[in-house]
Structure formats: C-alpha cells, structure tokens
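Visitor: I should like to learn how the features of a structural model are read. Could the Guide take me through them in turn?

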Amino acid sequence: MTPSLSNRKRWLDPMRFGTNIAFVLLATLFVALASWLMHSGIISSLTETTLSQRYSPWNTFLPLKLWMQLALVLTIVLPICALFLQWRILTVRRMMALYFLILLVQIVTEKVVNSLGLSGMQYLIGFTYTSYRIWQLWCYRQSFYQQENHNKMRQYLMSAILVGGIIFWSFNWLFLAINLVTRTL
C-alpha cells in the first residue's frame, strides 16, 4: 500500500477524533449553506407538504413516538450497556465515546436549528448525521472484530449491538430520505 493511500484511509477512519471533528465541521457548513439557500429562496424549503403528510413512514408505517422509544433503546441504552460490558477494551471505550459525541452534536444542532425556526431542517440534519453514523458503526464493527476478545458471549453481544445500530440507523436513514423527497416535490 502506498503511503498516500494509507494516509487517506487513516484520515477517513472514524476511530480517529480528528475524522469525527472534520465531519462535524463539514456537516455544519453543509447545514448552514442549505439553510442560507432555503432562506434566500434559491432552493425550496423543507416545510411539510400534503405529500409528506401522506407518505411519511412515521405516519404510515410506525408512529413517531414508538420510533423514538425504539431509538432510545437501540441507540442509547444498548450502546451504554455495551460500553459497561466491554469497559476493559480501549477500542470499545473509544468507539462509544466517539459515537456518543457525534450523537450529542446532532441533537444540539437540531435543537439550535429548531430554535431558529428553520422548519424541516431537522430532516436534512438527521439525514446527514445518520449517513455518517451508519458508516461509523460499520467501521467500528470491523475494528471490533480485529480486537482480541477472550469472552465470546460479550463479543457476540457487542457485535449484535453494533449490527442492531446499523440496521436501526439504516431504516432511520430511509425514513428521513422519504421525508426529504416528499418535502421537496
């Protein structure tokens, strides 16, 4: 492997703090640009439409309240359990710390944007952060398998939590994409 390819892979590694910070900066710039373009009328806003009301997965497939409860369990409670179960493994502590950091930044960003009255932007923010989170968890899963772990039961549990997170966030990504598309048509 050439040094430049190795450096590029290292720079894109979500196990690195710098990669996560770079993503947050880029995502913030993207959201700010999209907000400005919507405010200027250059691109359409993401306000709710008849189409989005009719076809939102949270209206037709699963109520939003139930989805949020599922999100709480699968994306916060289970990763915290994984963190405590695998506390001795530095890689797991690092993974979960970076995972929760990105999740916290997303929540704060959504709160700030909502307080500014930018209707519908939470879908764009969620879509952007969820896209990264799926990749982040996928890379964490790969990294976890490379670690030597003596307790097979804990290893299977950690793997199940990571795969469960990937599946949940993939569905969330799809739901957000449907909402974005139906709000722009």
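The dialogue that follows treats a helix, a nonpolar core, a buried serine and a pocket.

Guide: Please bear in mind throughout that this is a predicted model.

Visitor: How many residues does H2 have, and what span does it reach?

Guide: One reads a helix by setting its end-to-end span against an expected value. H2 has 23 residues, and from its first C-alpha to its last it reaches 33 Å, close to the 33 Å expected at 1.5 Å a residue. Just after H2, Gly41 takes a positive phi of about 85°.

Visitor: Which residues of H2 are buried?

Guide: Burial is read from relative accessible area, with under 20% counting as buried. In H2 the buried residues include Phe23, Val24, Val31 and Met38, and also Thr19, Asn20 and Ser35.

Visitor: Which residues touch the most other members of the largest nonpolar core?

Guide: A core is read through its members and the elements that supply them. The largest nonpolar core holds 42 residues, of which Met121, Tyr140 and Met158 touch the most other members. Helices H2, H5, H6, H7 and H8 each give two or more residues to this core, and the largest share, 10 residues, comes from H7.

Visitor: What does Tyr140 touch beyond residues up to four places away in sequence?

Guide: Tyr140 is in contact with Pro14, Met15, Asn20, Met95, Leu98, Tyr99 and Leu162. Among these, Asn20 is one of the buried residues of H2.

Visitor: Why does Ser52 count as buried?

Guide: Ser52 counts as buried because its relative accessibility is 1%, and the cut-off is under 20%. Ser52 lies in helix H3, residues 50-55. Leaving aside residues up to four places away in sequence, Ser52 touches Asn59, Asn179, Thr182 and Arg183. The C-alpha atoms of Ser52 and Leu185 are separated by 9.0 Å, although these residues are 133 residues apart along the chain.

Visitor: Where does the lining of the largest pocket come from?

Guide: For a pocket, one reads the volume, then the lining, then its chemical character. The largest pocket encloses about 600 Å³ of space. Of its 26 lining residues, Leu64, Trp67, Met68, Glu110 and Asn172 are the closest to the centre. The elements giving two or more residues to the lining are H4 (57-60), H5 (64-85), H6 (90-115), H7 (121-146) and H8 (152-184). H5 provides the largest share, with 7 residues.

Visitor: How many lining residues of the largest pocket are nonpolar, polar and charged?

Guide: The lining of the largest pocket divides into 13 nonpolar, 9 polar and 4 charged residues.

Note on methods:
Residues are numbered from 1 along each chain as its sequence is written. This is a predicted model: local features need pLDDT of at least 70, side-chain atom pairs count only at pLDDT 80 or more; totals for chains, interfaces and linings use all residues. Side-chain values use heavy atoms; hydrogens and water are left out. On a 1 Å grid over the protein atoms alone, a cavity is a set of points where a 1.4 Å probe fits but cannot get out, and a pocket is an open set with protein on both sides within 12 Å along at least five of seven lines; lining residues have an atom within 4 Å of a point. Grid points are joined across faces, edges and corners, and a volume is the space filled by probe spheres set on the points. Helices (H or I, at least four residues) and strands (E, at least two) are DSSP runs, numbered from the N terminus. Ala, Val, Leu, Ile, Met, Phe, Trp, Tyr, Cys and Pro count as nonpolar, Asp, Glu, Lys and Arg as charged, and the others, Gly among them, as polar. Buried means under 20% relative accessible area, exposed over 50%, partly exposed in between (1.4 Å probe, protein chains only). Contact means heavy atoms within 4.5 Å. A nonpolar core is a set of buried Ala, Val, Leu, Ile, Met, Phe, Trp, Tyr and Cys residues joined through side-chain atoms within 4.5 Å. The expected span of a helix is 1.5 Å times one less than its number of residues.
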